[in-house]
Structure formats: C-alpha cells, structure tokens
Amino acid sequence: MKKGFVIALALVMLFTAGCSAKQEQAPQTTVPETIAPGTEAPETTVPETEPSLPKLETGTVQGDNIPAILGLLNREDPVEVTANPDDTHATVKTDFGVGTMETQLLRFAGEEPAESWTGYARWNTGFYESYEMGGKAPTTLNTNTKVEVLEELEDCYLVTVEGETGFVAKDQVSKWPIKSGSGSSDGGSSSGRDGGDISLAFYGKVQLLSAVTKTGSAQVRVDGAKVVLKYFNLGDTVQIVAEEGFAPALPGYLTILVEDTYAYIPEAWVQKDAAPAFESWEGFAGYSCYLYDNYLLRGKAVKQLGGNTALTVLWTAGDVSVIRVGDTIGYAPTDTLRTTRLPAQKPQEGGGSSGSSSGGGEWTPPAL
C-alpha cells in the first residue's frame, strides 16, 4: 500500500510540472481595453514631425517697390505665362514657383529670335552686368568700342564686348563708328538696326505691347532675369533667415521668409533691427543732381535739382540714396549729394560768368 501511495504521488508531481511548462510556453494574450458603446477605437498613428524653421531676424525695408525675388532665370529658359497683371508684367510659372516678370524679358512662341548686329560705343558708355542698369556702371567703354548686339529691350541692349556679356543703354550705341570731333555719323539715330525714331518706336514698343496680351509658353531673353514674388515698400518689415542650410545663398541679397516661401531681397535696402540705425543727415544738391522715382534710377528723372538745393538724406545704398526735398521723397545718385554748399564762383573777366552746370556761374538760391 505504501508503494502504491508513492507511485500516485509521483504521477501527481509529473502532471503538475507538465502543466507549468505548457503555461510558460503558451503566448500571452493582451485583453483589449473596454470601449464604451457608441465610441470609435482610437487610431494608432505615428505623429508627424513638423518641419523645422530657421532662426529669424527682423528688418525694415528702406525704399519703395523693392522686389523679393524667387530666383534668377537665364537666357532661353522656358516659362509658362498664365496672366498679365498690367501692361509691363506677366505672371509666370517657373521651377522656383509662381511669380511675376517684366514682359520685355520674354519671347513668346512664334516670335522670331533677334538677329545680332555690330554697333559702336559712344563716349562714356556704361557697361552693366544687369538689364536694370542700376547705379554706377562697373565698367566704362571707350568711344568706338565694338559691341555685338544680341537682344533689344526697352531701354538697353544685351551685348558682348570681347567675349564678355553685359548691357548698355540703347542711346549709347551707334550703328557706325563715331568720327572724331562730331557727336555721331548716324545723325543722332543710335538705337535699332533700321535707325530713326519712328522705326525704333515700332520695334521697342508696339512689339512689346502686343506681347502683353499673350499667355502660354515663352523663353527668357537675357541672363539674370528676375522672377518676383512680391514688392515691399518703405517701412515694411521682413523676416530675415539668420541660419544657413535652409535656402541657397544669393550674393548681394538677404534670404527672407515670406509666409512659407523663401525669397531674396536686395541687402542694401534693408535695415536690420539688430544693426546700428542709419542716421539721416542734412545736405545739399551738387552738380548734375537728378531726382528719380525708383531705386534703380531707371527711366527719365523726375527733375533736376538746382545746385545747393537743401535736402535730407534718409538712407544710402551704395551708389543710390533716398532723399527728401521739401515734401517729396525720391532717389538720387549718392555722388551728387554734398554735406556742404557748392563754392560760389567768381565772375570771369569781362563781367561774364560761365553759367554752366559743371560749376560756372555764381550760386543763386535754389528754386524747387
């Protein structure tokens, strides 16, 4: 009997050990949480990582119609024109995004490409890197320097000079060599292959006005063509990107963030809040001081200021300054502004005076 009891006890122990082993090998199941009737089970989604933003600084724009550009296009780059917001600009789709361009920079499908021709530089011809020809020209061409004209815009030519490409004012190019001692051998007609004011007006204006109404595919006429996101005015604030790695750098421009778009604004026309403030100063107009309505000094001057006209310099951006004359604010070449009055000129022998704008004649009070 004792032997039978031992056997039974051994069987019980073996059975218990087997059950424990099965429980250890069996996968554990998780009891789902109880969900209240009428409610949906929460979605198990991975939280999205928000894009990081760069460190930003604030700046203030110091001029009117200062462009924030998306990028620069090159000659023969394709664009898609979708609208014409005004007579001189087109809305375009580009790889940079949607912006505006000057219509004169575009050649539409079906328009004949320009034919090159050889011209000759007049005296003191400025040779610019940009079609905007802003400020003082970095290079001056000698009289009768040969220029190969590649494209014609409204007020300038795209030319090559000894293999270098740039822009010159249309009225500074002659079709024939300049004769010594005379202004020009072409009778004053310096623009356009056909010569004469009538043919120039036809080529430079009628053709461009007809292009204004067009949409569709187009090609860029010149290198460095600006695609503008928007324009800022005097006193507007901008958010300046103060970290690298968020957008490519563009020499001469500050990278800014406009809502969720990176753009570029001319560095010389922004006062950073963290930088020392520009101190305005009282001065006078010097010789050949002209007042313009745009920071590029493009087109016809609004007026010429008489020598010693009192003015206030509000901002200086290299070759161009913002000035206030009475109640008028405009732009003038920096090198025509003075901190002191022009010296009075002594009358020449015989009682006369030169009366020229280059310094002759006694100074008289300015008349605005």
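**Exercise 1. The second largest pocket**

Task: For the second largest pocket of this predicted model, determine which residues lie nearest its centre and which element gives the largest share of the lining.

Solution.
Step 1. The lining of the second largest pocket consists of 28 residues. Nearest the centre of this pocket lie S130, E132, G134, Y253 and L296.
Step 2. The volume of the pocket is about 800 Å³.
Step 3. Strand β12 supplies three residues, the largest share of the lining.

**Exercise 2. The residue S130**

Task: Locate S130 in the chain, and decide whether S130 is buried, partly exposed or exposed.

Solution.
Step 1. The loop between β8 (125-127) and β9 (139-141) contains S130.
Step 2. The relative accessible area of S130 is 27%. Buried requires under 20% and exposed over 50%, so S130 is partly exposed.
Step 3. A polar atom of the S130 side chain lies 3.1 Å from the backbone nitrogen of E132.
Step 4. S130 and D223 are 93 residues apart along the chain, yet their C-alpha atoms are separated by 8.2 Å.

**Exercise 3. The pair E132 and K226**

Task: Establish where E132 and K226 are placed, which class of accessibility each belongs to, and what joins their side chains.

Solution.
Step 1. E132 is found in the loop between β8 and β9, whereas K226 belongs to strand β15 (residues 225-232).
Step 2. The limit for buried is under 20% relative accessible area. E132 has a value of 10% and therefore counts as buried. K226 has a value of 9% and is therefore buried as well.
Step 3. The side chains of E132 and K226 are joined by a polar contact of 2.8 Å.
Step 4. Neighbours within four places in sequence are now set aside. E132 is then in contact with K226, L296 and R298. Under the same condition, the contacts of K226 include P67, I69, T100, M101, Y131, E132, Y253 and Y295.
Step 5. Two of the residues named in the previous step return to the pocket: L296, a contact of E132, and Y253, a contact of K226, are among the residues nearest the centre of the second largest pocket.

**Exercise 4. The sheet that contains β7**

Task: Give the strand order of the open sheet that contains β7, name its edge strands, and describe the pairing of β7 with β10 and β13.

Solution.
Step 1. The sheet has five strands in the order β12-β11-β10-β7-β13, with antiparallel pairing.
Step 2. Its edge strands are β12 (164-169) and β13 (173-174), each of which pairs on one side only.
Step 3. Strand β7 (residues 117-121) pairs with β13 over two bridges in the antiparallel sense. In this pairing, A121 stands opposite V173.
Step 4. Between β7 and strand β10 (residues 146-152) there are four bridges, again in the antiparallel sense. Here T118 is opposite E148.
Step 5. Of the five residues of β7, four are buried; the strand is therefore largely enclosed by the rest of the structure.

**Exercise 5. The sheet that contains β20**

Task: State the strand order of the open sheet that contains β20, and explain why one side of each edge strand has no neighbour in the sheet.

Solution.
Step 1. Five strands, antiparallel in their pairing, follow the order β25-β24-β23-β20-β26.
Step 2. The edges are formed by β25 (328-333) and β26 (337-338). Each has a single partner strand, so one side of each is left without a neighbour in the sheet.
Step 3. Strand β20 (residues 281-285) and β26 run antiparallel and are joined by two bridges. One bridge partnership is that of F284 with R338 in β26.

**Exercise 6. The chain as a whole**

Task: Summarise the secondary structure of the chain, its buried share and its confidence values, and identify segments where pLDDT stays under 50.

Solution.
Step 1. The chain has two helices and 26 strands. Among its 368 residues, 37% count as buried.
Step 2. Of the contacts with a separation of 6 or more, 63% are between residues 24 or more positions apart.
Step 3. The mean pLDDT is 80, and 71% of the residues reach 70 or more.
Step 4. pLDDT stays under 50 over residues 1-39, where the model has one contact beyond four places in sequence. It also stays under 50 over residues 351-368, where the model has 26 such contacts.
Step 5. Predicted coordinates should not be read in detail where pLDDT is low.

Methods: Residues numbered from 1 in each chain as written. Heavy atoms only, no water. Buried < 20%, exposed > 50% of the residue type's maximum accessible area, 1.4 Å probe, protein only. Polar contact = N/O pair within 3.5 Å; in protein donor to acceptor, adjacent residues only side chain to side chain. Contact = heavy atoms within 4.5 Å. Pairing = 2+ DSSP bridges. pLDDT = per-residue confidence, 0-100. 1 Å grid on protein atoms, 1.4 Å probe; cavity = no way out; pocket = protein on both sides within 12 Å on 5 of 7 lines; lining within 4 Å. Points joined across faces, edges and corners; volume = space filled by probe spheres on them.
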